[in-house]
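Me: I would like to go through this structure by asking, for each label that is put on it, what earns that label.

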Amino acid sequence: MTARDLGDRAASLNPRKPTMADVARHAGVSLKTVSRVVNQEPHVRASLQERVQAAISALGYRRNEAAARLARGATMLTLGLVMENISNEFYARLAAAVEAAAAGHEALVVFGSYEESPDKERMLIESMYARGVDCLIVVPSAADHAWLAEHPGLTTVFVDRVPPGLAAADVVLLDDVWGGRAATEHLLARGHRRIALISDDDGLSSVHDRASGYRRALREAGVAADDSLVVRGMFDPWRVSHEVTALLDLPDPPTAFFATNNRAAIGILHALRERPERPAYVGFDDFALADVFNPGVTVVRYDVARLARTAVDLLLHPSPTPRRVEVPVELVARGSGELPPP
């Protein structure tokens with residue numbers, strides 16, 4: 001294999017993003033013409049605009065807003081991140097990952113937590129917009145977000161959940177249905193038939209989809225879903241602990257649990273500290289020390305850094321059409337999900 005072949009192979013494995021120079025060569029126009037079209041400057045002939053736009057479509061070129069801003073001599077780009085509660089490990093990890101991704105584009109990040117209050121979420125978004133934040137990454141609440149149409153100049157990407165009330169939006173999601181299905185199938189494969197679901201607010205698309213995966217796995221296994229084994233609206237680990245205890249005290253208790261978030265998984269651990277039973281359980285979201293317990297906590301996990309990088313990339317390369325990107329998840333067996341029924 002020649003050096004050129006090796007170079008071509010490396011390029012195919014790690015394709016670089018097309019530049020304005022690539023667009024200019026493809027369209028047969030000057031770099032300045034491409035720049036004028038991309039920046040929507042006036043007085044560019046319609047025929048040239050069509051050639052440049054065709055080249056942009058063919059190459060998949062996307063303008064980098066951060067680079068364009070710095071090139072114009074403007075101030076540093078500022079991104080806003082609005083999330084539910086930064087004290088939750090998932091959000092803390094997401095914040096760190098967004099900050100790292102933004103730093104790669106010489107952008108700053110400001111954070112805000114709305115602590116499960118839709119009113120506070122709206123206040124944070126509108127305050128950031130009023131204070132000159134250029135674009136936002138939002139983990140939306142279950143409330144209606146149609147009011148965001150009042151701020152057409154605000155570029156927003158939603159992460160982890162689909163925003164209710166917005167027909168068109170850029171969203172970066174996890175493969176929640178697959179995750180819920182994989183977790184439940186894992187427990188079914190160990191012989192469990194009474195599998196409880198410990199769930200968050202079902203109005204959140206992520207929670208709804210994880211529960212849908214759970215029900216699909218039961219249905220495909222020929223196991224009837226038992227709504228008495230489903231607990232909804234669980235935000236606090238201590239409340240989860242109470243509900244898990246109540247389920248284990250039933251005449252016919254569950255032999256396994258699927259927790260749709262890390263707080264629910266921690267609540268299960270709290271409940272089992274003083275119990276003689278050893279039910280199996282699988283959590284959605286990894287968390288610190290999950291592999292330290294005995295047995296370790298089996299989880300559905302994902303790459304938070306990839307979630308953040310994708311959201312930042314969508315923000316800095318806006319598109320006239322809404323985009324939906326799904327980040328894959330994987331099941332990690334550590335012991336708790338492999339316990340057999342009694």
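Reply: A strand here is a DSSP run of type E with at least two residues, and strands are numbered from the N terminus. The model is a predicted one. Strand β4, residues 155-159, is such a run, and the largest share of the lining of the second largest pocket, 3 residues, comes from β4.

Me: What else can be said of the second largest pocket, and which residues are closest to its centre?

Reply: The second largest pocket holds about 390 Å³ of space. It is lined by 18 residues, of which L154, T156, A168, A169 and D170 are the closest to the centre. By class, its lining is made up of 11 nonpolar, 5 polar and 2 charged residues.

Me: What makes the residues of strand β1 count as covered?

Reply: A residue is called buried when its relative accessible area is under 20%, and in β1, residues 78-83, 6 of 6 residues are buried. In a regular strand the side chains alternate between the two faces of the sheet. On one side of β1 lie T78, G80 and V82, on the other L79, L81 and M83, and these are all buried, so that both faces are covered.

Me: How do you know that β1 pairs with β2, and in which sense?

Reply: Pairing requires at least two bridges found by DSSP between the strands. Between β1 and β2, residues 108-113, there are 6 bridges in the parallel sense, and T78 has L108 as its bridge partner in β2. By that criterion β1 also pairs with β3, residues 135-138, again in the parallel sense, over 4 bridges, with V82 standing opposite V138.

Me: Why is the unit of β1, α6 and β2 called right-handed?

Reply: The name applies when, with the strands pointing away from the viewer, the path from the first strand over the helix to the second runs clockwise. The unit made by β1, helix α6 (residues 89-103) and β2 is a β-α-β unit of the right-handed kind.

Me: Why are β7 and β12 called edge strands?

Reply: The open sheet consists of 6 strands in the order β7-β6-β8-β9-β10-β12, with mixed pairing. Because β7 (230-231) and β12 (330-332) each have a single partner strand, one side of each is left without a neighbour in the sheet. Within this sheet, β6 (residues 195-198) and β8 (residues 256-259) pair in the parallel sense over 4 bridges, and L197 stands opposite F258 of β8.

Me: How do you know that the length of helix α8 agrees with its number of residues?

Reply: The expected span is 1.5 Å times one less than the number of residues. For the 14 residues of α8 (residues 176-189) this should give 20 Å, and because the end C-alpha atoms are 20 Å apart, the two agree. The buried residues of α8 include D176, G179, A182, A183, H186 and L187, and the helix is followed by G191, which has a positive phi near 100 degrees.

Me: Why are E115 and E116 called partly exposed, and E50 exposed?

Reply: Partly exposed is the class between the cut-offs of 20% and 50% relative accessible area, and exposed means over 50%. E115, at 48%, therefore counts as partly exposed, as does E116 at 38%, whereas E50 in helix α4 (residues 46-59) is at 57% and so counts as exposed. E115 lies in the loop between β2 and α7 (118-130), and E116 is also placed in that loop. E115 has a positive phi of about 50 degrees although it is not a glycine, and phi of E116 is near 65 degrees.

Me: What makes the bond between N294 and P295 stand out, and where is P295?

Reply: The peptide bond that joins N294 and P295 is cis, with omega about 5 degrees. P295 is found in the loop between β9 (280-284) and β10 (298-301).

Me: What makes a space a cavity, and how many of 30 Å³ or more does the structure hold?

Reply: In a cavity a 1.4 Å probe fits but cannot get out. The structure holds 1 cavity of 30 Å³ or more, and the largest cavity has about 140 Å³ of space. Among its 16 lining residues, D160, R161, R210, N261 and D285 are the closest to the centre. Helix α9 gives the most to this lining, with 3 residues, and by class the lining has 5 nonpolar, 5 polar and 6 charged residues.

Key:
Residues numbered from 1 in each chain as written. Predicted model: local features only at pLDDT ≥ 70, side-chain atom pairs only at ≥ 80, totals over all residues. Heavy atoms only, no water. Buried < 20%, exposed > 50% of the residue type's maximum accessible area, 1.4 Å probe, protein only. 1 Å grid on protein atoms, 1.4 Å probe; cavity = no way out; pocket = protein on both sides within 12 Å on 5 of 7 lines; lining within 4 Å. Points joined across faces, edges and corners; volume = space filled by probe spheres on them. Nonpolar A, V, L, I, M, F, W, Y, C, P; charged D, E, K, R; others polar.
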